[in-house]
Amino acid sequence: MAPSFHFTVSFLEPGYHVYQITLHIDDLPLGRHSLNLPVWTPGAYEIQDFARHIFDLHAMANETSLELSHTGKNSWEFETFAAEQAVTVQYKVYAFELGVDTSHLDASHAYWNGAQLFFWLDEYKHQPFTVRIEAPAGWKVATGLDPDPVHANQFVARDYDVLIDSPVECGTHRTLEFTVDDKPHTLALWGHGNENAPELNKDIEQIVKAQRDIFGELPYHHYTFILHLADRGTGGLEHLNSTTCGVERFSFKPRKKYRRVLGLIAHEFFHLWNVKRIHPDMLGPFDYSHEVYTHLLWAMEGFTDYYAGISLRRANLFSVAEYLNSVAENVMAYEQQPGRYVQSLAESSFDTWIKLYKPDEDSRNRTISYYLKGDLVGTCLDLEIRHRTQNHYSLDEVLRRLYQRYAAHGIGFPESVYQETVEEVAQSSFQDFFDRYIRGTDEIPLATCLRYVGLEISRRYKNPDRDEENDSFDSLESTDSTVAKPWLGIETKASEAGIQISGSYTSGPAAAALYAGDQIVALNGFQVKKPEDLSHRVERDCQIGDTVTIALFRRGQLLTVPIVLGQAPYDKVEIKPMADPTEEQKIAFESWLSAPLSSAKSH
Ligand SMILES: [Zn+2]
């Protein structure tokens with residue numbers, strides 16, 4: 001008889017942030033057995049060593065304690081002395097880290113990722129698991145797990161991967177619902193802010209429909225959106241039929257901020273296809289004990305970002321002008337990363353465990369994000385496929401073929417298949433494209449690809465008097481200029497002392513003179529208190545070539561450092577329709593964004 005696995009999760013005292021977990025195993029064979037906890041959780045490519053939160057672990061068989069030996073940082077062993085034995089393992093987990101990939105328990109709710117709470121035993125990852133939740137009165141549960149049809153507050157997972165891939169929100173959250181293709185979708189909101197919950201629910205429904213249209217079906221029985229509203233954003237994490245997103249509670253207004261919330265949700269939802277089902281073979285089933293390596297995270301994450309924007313546009317939640325402005329903002333962010341000439345997308349993917357997830361003050365100069373560059377390469381690849389096939393095919397078709405050939409059969413694909421599928425869809429070679437922009441560090445052909453659809457890209461200097469974050473400015477007209485600005489070439493942040501340097505550009509004038517961690521206190525003999533005061537004084541009152549004096553504290557010592565101001569790189573990108581687009585360009589644009597090119601001129 002195969003053993004069966006039943007977890008019970010209870011909250012002894014939520015205010016102490018401690019989960020009490022009981023694992024009851026029936027019919028365990030005779031012999032030595034190994035208990036293991038994941039060291040990472042899928043979607044967050046970082047070793048987190050969750051076992052550090054485990055304590056008070058013990059095991060019993062027939063009222064008798066079993067001796068547990070600690071065999072590794074995330075593993076324990078015990079021995080059973082009878083065949084088909086019932087074993088109970090009990091332990092506690094401290095959980096007070098509010099994030100999408102962590103676990104949290106307090107008086108207001110319980111939220112967990114299975115990788116932090118649930119052991120797997122030996123090779124028994126493919127059996128079903130049940131989870132019973134002993135919640136305080138009045139608390140309810142939101143999760144992608146299937147409810148047990150017989151027992152209330154009990155859930156079933158067909159195997160360990162599903163158990164780990166189904167976070168649980170349990171508490172007094174608000175619940176909203178909608179149905180697409182007869183499938184129920186639940187939005188669970190924990191926390192309050194300036195959200196309009198019914199409008200949010202309706203907008204998410206539009207995102208679901210727009211993305212469903214790409215693949216023609218929704219490959220799940222039900223889907224759960226868990227949304228945490230707190231004092232800071234914690235990002236998002238994708239799962240098989242659910243997602244958790246954490247956003248700053250007042251990020252639903254103005255509209256520009258709200259679109260970012262929708263963009264995050266659209267990104268995580270799109271992952272149910274791209275990465276959860278369409279993925280290289282290294283990304284599932286997972287090895288939870290070690291890092292897993294792939295060169296394709298630009299396709300898994302960057303293309304998911306690309307489709308988040310595209311689906312907001314197709315769902316009419318982005319106007320054409322808003323969409324093009326968001327592309328322009330991404331181009332600007334990309335062009336402010338000198339590391340794009342150092343690290344390729346393939347390397348950035350492979351090294352994510354030690355670079356993207358472990359950034360330092362010099363990362364900008366040596367690395368490139370596979371999200372940011374992957375999104376723009378997705379734009380180029382989509383437009384290039386459309387161009388070469390006279391708009392018959394697009395990147396959608398590449399994803400559909402990968403979905404039908406691999407994901408629909410529950411398997412990943414070998415890495416080389418990605419380029420091959422692109423070439424098959426476009427009926428031409430993309431060797432040069434992949435060599436230069438994915439495996440290499442050549443500048444991406446954005447201007448060329450945007451020209452296919454009648455758009456041109458220009459670069460300017462931002463008007464320092466404009467409040468980008470809080471104005472509702474969406475027009476493509478601007479007050480920005482082409483007159484070069486002076487700069488120090490440093491990044492700063494507010495600190496207790498005033499202004500702390502968080503990093504510098506290797507190509508900037510202060511690169512070898514000002515260090516990360518320096519506390520700037522004065523410019524040309526006058527005190528500066530805030531990062532924006534320093535940048536405004538440099539931009540408004542100084543000229544390129546001026547020598548300025550920076551007074552700073554370095555490791556507690558007061559120093560004065562002269563810097564010759566350099567010329568800042570452009571800090572504003574605009575994407576606009578060309579003055580005289582051809583018929584061909586107009587048709588290509590409309591086929592891409594489902595709106596006429598002329599609509600790009602106004603909002
Ligand atoms: Zn993602």
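This is a chat about the sheets, helix contacts and unusual backbone spots of a predicted model.

User: Hi! Let's start with the five-strand sheet. What order do the strands come in?

Analyst: Happy to. The order is 17-18-19-21-20, in an open sheet with mixed pairing.

User: And which are the edge strands?

Analyst: Strand 17 and strand 20 (235-238), each of which pairs on one side only. Across this sheet, neighbouring strands are turned by 15° against each other on average, with direction ignored.

User: How do strand 17 and strand 18 pair, parallel or antiparallel?

Analyst: Antiparallel: seven bridges link strand 17 (residues 174-180) with strand 18 (residues 183-190). If you want a spot to look at, V180 stands opposite K183 in strand 18.

User: What's going on in the hairpin of those two strands?

Analyst: There are two residues between the strands, and D181 takes a positive phi near 55° there.

User: OK, moving along the sheet. How many bridges join strand 18 to strand 19?

Analyst: Six, and here the two strands run parallel; strand 19 covers residues 223-230. Two places to check are H185, which stands opposite Y223 in strand 19, and L189, which stands opposite L227 in strand 19.

User: How does the chain get from strand 18 to strand 19, and is the crossover left-handed or right-handed?

Analyst: The chain goes through helix 3 (residues 197-215), and this β-α-β crossover is left-handed.

User: Good to know. Which strands does helix 3 touch when it packs on the sheet?

Analyst: Helix 3 touches strand 17, strand 18 and strand 19, and its direction makes about 35° with that of strand 17. Helix 4 (residues 255-270) packs on the sheet too, touching strand 19, strand 20 and strand 21 (242-248). The direction of helix 4 makes about 160° with that of strand 21.

User: Let's stay with helix 4. At what angle does it pack with helix 5?

Analyst: Helix 4 and helix 5 pack at about 120°, and their axes are 8 Å apart. That angle makes helix 4 oblique to helix 5. As for the hand, the crossing is right-handed.

User: Which residues meet there?

Analyst: From helix 4 you have L262, G263, A266, H267 and F270, and they meet T304, D305, Y307, A308, G309, S311 and L312 in helix 5. Sorted by class, that contact has six nonpolar, five polar and one charged residues.

User: And helix 5 with helix 9: how do their axes cross?

Analyst: The axes of helix 5 (residues 297-314) and helix 9 (residues 372-388) come within 7 Å and cross at roughly 70°. With that angle, helix 5 is roughly perpendicular to helix 9. Helix 5 passes helix 9 in a right-handed crossing.

User: Who makes the contact?

Analyst: On the helix 5 side, W298, A299, E301, G302, F303, D305 and Y306; on the helix 9 side, K373, G374, D375, V377, G378 and T379. By class, this contact of helix 5 with helix 9 has five nonpolar, four polar and four charged residues.

User: Back to sheets. What about the open sheet of four strands?

Analyst: The order there is 6-7-3-11, and the pairing is antiparallel. Strand 6 (69-72) and strand 11 (120-121) each have a single partner strand, so one side of each is left without a neighbour in the sheet.

User: How many bridges does strand 6 have with strand 7?

Analyst: Three, in the antiparallel sense, with strand 7 spanning residues 75-80. H70, for instance, has W76 in strand 7 as its bridge partner.

User: Last topic: which peptide bonds are cis?

Analyst: I can point you to two. The bond from K253 to P254 is cis, with omega near -5°, and P254 is in the loop between strand 21 and helix 4. The bond from G284 to P285 is cis as well, again with omega near -5°. P285 is in the loop between helix 4 and helix 5.

User: And what is the phi of E84?

Analyst: Near 50°, which is a positive value in a residue other than glycine. You'll find E84 in the loop between strand 7 and strand 8 (85-94).

How values were computed
Residues numbered from 1 in each chain as written. Predicted model: local features only at pLDDT ≥ 70, side-chain atom pairs only at ≥ 80, totals over all residues. Pairing = 2+ DSSP bridges. Right-handed = clockwise from strand over helix to strand, strands pointing away. Axes fitted to C-alpha atoms, helices over the stretch in contact; angles between N-to-C directions. Parallel < 35°, antiparallel > 145°, perpendicular 65-115°, else oblique. Left-handed = near helix turned anticlockwise from the far one by under 90°. Contact = placed C-beta atoms within 7 Å. Nonpolar A, V, L, I, M, F, W, Y, C, P; charged D, E, K, R; others polar.
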